[in-house]
Amino acid sequence: MSEIHAILGWVAVVINGVVGFWGVLMYRRERLPSVFYWAVGLAILSLLFQVLLGVTLMSSQGLDPGNQHVFYGVIIAVTLSFVYIYRAQFRKRPALYYGLLLLFTMGLGIRGIMTFGVDF
């Protein structure tokens, strides 16, 4: 199950990067295609699945991924919870805001992957 977490971690990073870059490129458009919102949902769900899978691995198998790896997972979860809180503001410029969000979470995901097994 930890191999699935490792592989899907890179998949989530790539999805977030591609959709984030797409959003930044489309931010001046008046009307966004509905497939963009589906892609944003897929990117966010991929991150949430990774966080939940990591928590499951830690609790059921007793794995110790290191403090920094856990820190970045928590920061991803907190970031997404703030996005939910401020979702009304995201309606002003959805492509730009979601694009920047997904690029930010892509960076957090890369840092989480790179710091596996590292403590503070």
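Helix 2 passes helix 4 in a left-handed crossing, meaning the near helix is turned anticlockwise from the far one by less than a right angle. By helix I mean a DSSP run of H or I, at least four residues, numbered from the N terminus. One caution, friends: this is a predicted model, with local features needing pLDDT of at least 70, side-chain atom pairs counting only at pLDDT 80 or more, and totals for chains, interfaces and linings using all residues. Residues are numbered from 1 along each chain as its sequence is written, and side-chain values use heavy atoms, with hydrogens and water left out.

Back to our pair. Their axes, lines fitted to C-alpha atoms over the stretch in contact, come within 11 Å and cross at roughly 25°, on a scale from 0 to 180 degrees between N-to-C directions. That makes helix 2 roughly parallel to helix 4, the term for angles under 35 degrees.

Which residues of helix 2 meet helix 4? Phe36, Tyr37, Val40, Ala43, Ile44 and Leu47, facing Pro94, Ala95, Tyr98, Leu102 and Thr105, where contact means heavy atoms within 4.5 Å. By class, that contact has 10 nonpolar, one polar and no charged residues; Ala, Val, Leu, Ile, Met, Phe, Trp, Tyr, Cys and Pro count as nonpolar, Asp, Glu, Lys and Arg as charged, and the others, Gly among them, as polar.

Now, do look at Tyr37, Val40, Ile44 and Tyr98 again: they are among the residues lining the second largest pocket. Lining residues have an atom within 4 Å of a point on a 1 Å grid, and a pocket is an open set of points where a 1.4 Å probe fits, with protein on both sides within 12 Å along at least five of seven lines. Helix 2 gives the most to that lining, with four residues.

Key:
Helix = DSSP H or I, 4+ residues; strand = E, 2+ residues; numbered from the N terminus. Parallel < 35°, antiparallel > 145°, perpendicular 65-115°, else oblique.
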